[in-house]
Amino acid sequence: MQSKTLVNTLTDGATVAVDFSISQNHKLTAAGNRTLTFSNPQEGEYYNITIIQDATGSRTITWPSTVKWAGGSAPTLTTTAVYRDHITFFYDGTYYRDVAIVKNYAA
């Protein structure tokens, strides 16, 4: 049985399915502008997603409508090629609320 804390590498595609029953930690190397979908959360859990820009960079992410951002709007992610951003969410039973965003990490 795989640990739910191990990082799960997401399959890149136009729509990327993030299944929180697989792991609480996910990473995506985005090779284009992507739309994320979230499934199978548990109330009271924290979930982490690392977004990595591919060698081209300038990729954008469209988040599920169930994500609620501090300040009311999604952050602008790093667009530098091969750089990464780390986002942590808390699931309150209805919404994923961002609790930490750490951006602009070199590969």
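**Reading a nine-strand model, pair by pair**

Mentor: Start with one pair: Ile49 stands opposite Ile87 in S8. Keep in mind that this is a predicted model.

Trainee: Which strands does that pair belong to, and how do S5 and S8 run?

Mentor: Look at the bridges, then at the direction. Strand S5 covers residues 46-53 and strand S8 covers residues 84-91. Seven bridges join the two, and they run antiparallel.

Trainee: Let me step back. How many helices and strands does the protein have?

Mentor: Zero helices and nine strands. Along the sequence the pattern reads β-β-β-β-β-β-β-β-β.

Trainee: In what order do the six strands of the open sheet lie?

Mentor: Read across the sheet, strand by strand. The order is S1-S3-S5-S8-S9-S7, and the pairing is mixed. To find the edges, look for strands that pair on one side only: here these are S1 (7-9) and S7 (67-68).

Trainee: In which sense do S1 and S3 pair?

Mentor: Parallel, over three bridges, with S3 spanning residues 25-30. For a landmark, take Thr9: its bridge partner in S3 is Lys27. Move on one strand. S3 and S5 also run parallel, joined by six bridges. There, Leu28 has Ile51 in S5 as its bridge partner. Then comes the S5 to S8 pairing, which is antiparallel.

Trainee: What is the pairing in the open sheet of three strands?

Mentor: That sheet is parallel, in the order S2-S4-S6. Its edges are S2 (15-19) and S6 (61-62), each pairing on one side only. S2 is joined to S4 (residues 34-39) by five bridges. Ala17 marks the spot, standing opposite Thr37 in S4.

Trainee: Now a single residue. Is Thr50 buried or exposed?

Mentor: Compare its relative accessible area with the cut-off. Buried means under 20%. Thr50 has 13%, so it is buried.

Trainee: What does the side chain of Thr50 make a polar contact with?

Mentor: The side chain of His86, at 2.8 Å. Place both ends: Thr50 lies in strand S5, and S8 takes in residues 84-91. Now widen the view, leaving aside neighbours within four places in sequence. Thr50 is in contact with His26, Lys27 and Leu28, and also with Arg84, Asp85 and His86.

Trainee: Which residues have the most contacts inside the largest nonpolar core?

Mentor: Phe38, Ile51, Trp63 and Phe89, in a core of 20 residues. Then ask which elements supply it. S2, S3, S4, S5 and S8 each give two or more residues.

Trainee: What is Trp63 in contact with, leaving aside its neighbours within four places in sequence?

Mentor: The list includes Phe38, Ile51 and Phe89. It also holds Ile49 and Ile87, the pair we started with. The others are Leu36, Trp69, Ala74 and Leu77.

Trainee: What radius of gyration does the protein have?

Mentor: Check the value against the chain length. With 107 residues, a compact globule would have a radius near 13 Å. The protein has 13 Å, so the two agree. The C-alpha trace spans about 35 × 35 × 25 Å along its principal axes.

Trainee: What share of the residues count as buried?

Mentor: 36% of the 107 residues. The accessible surface comes to about 5800 Å², and 49% of that belongs to carbon and sulfur atoms.

Trainee: Among contacts between residues at least 6 apart in sequence, what share join residues at least 24 apart?

Mentor: 45%.

Terms used:
Residues numbered from 1 in each chain as written. Predicted model: local features only at pLDDT ≥ 70, side-chain atom pairs only at ≥ 80, totals over all residues. Heavy atoms only, no water. Pairing = 2+ DSSP bridges. Helix = DSSP H or I, 4+ residues; strand = E, 2+ residues; numbered from the N terminus. Buried < 20%, exposed > 50% of the residue type's maximum accessible area, 1.4 Å probe, protein only. Polar contact = N/O pair within 3.5 Å; in protein donor to acceptor, adjacent residues only side chain to side chain. Contact = heavy atoms within 4.5 Å. Rg over C-alpha atoms; globule rule 2.2 N^0.38 Å. Areas by Shrake-Rupley, 256 points an atom, 1.4 Å probe, with all protein chains shown as cover. Core = buried A, V, L, I, M, F, W, Y, C linked by side-chain atoms within 4.5 Å.
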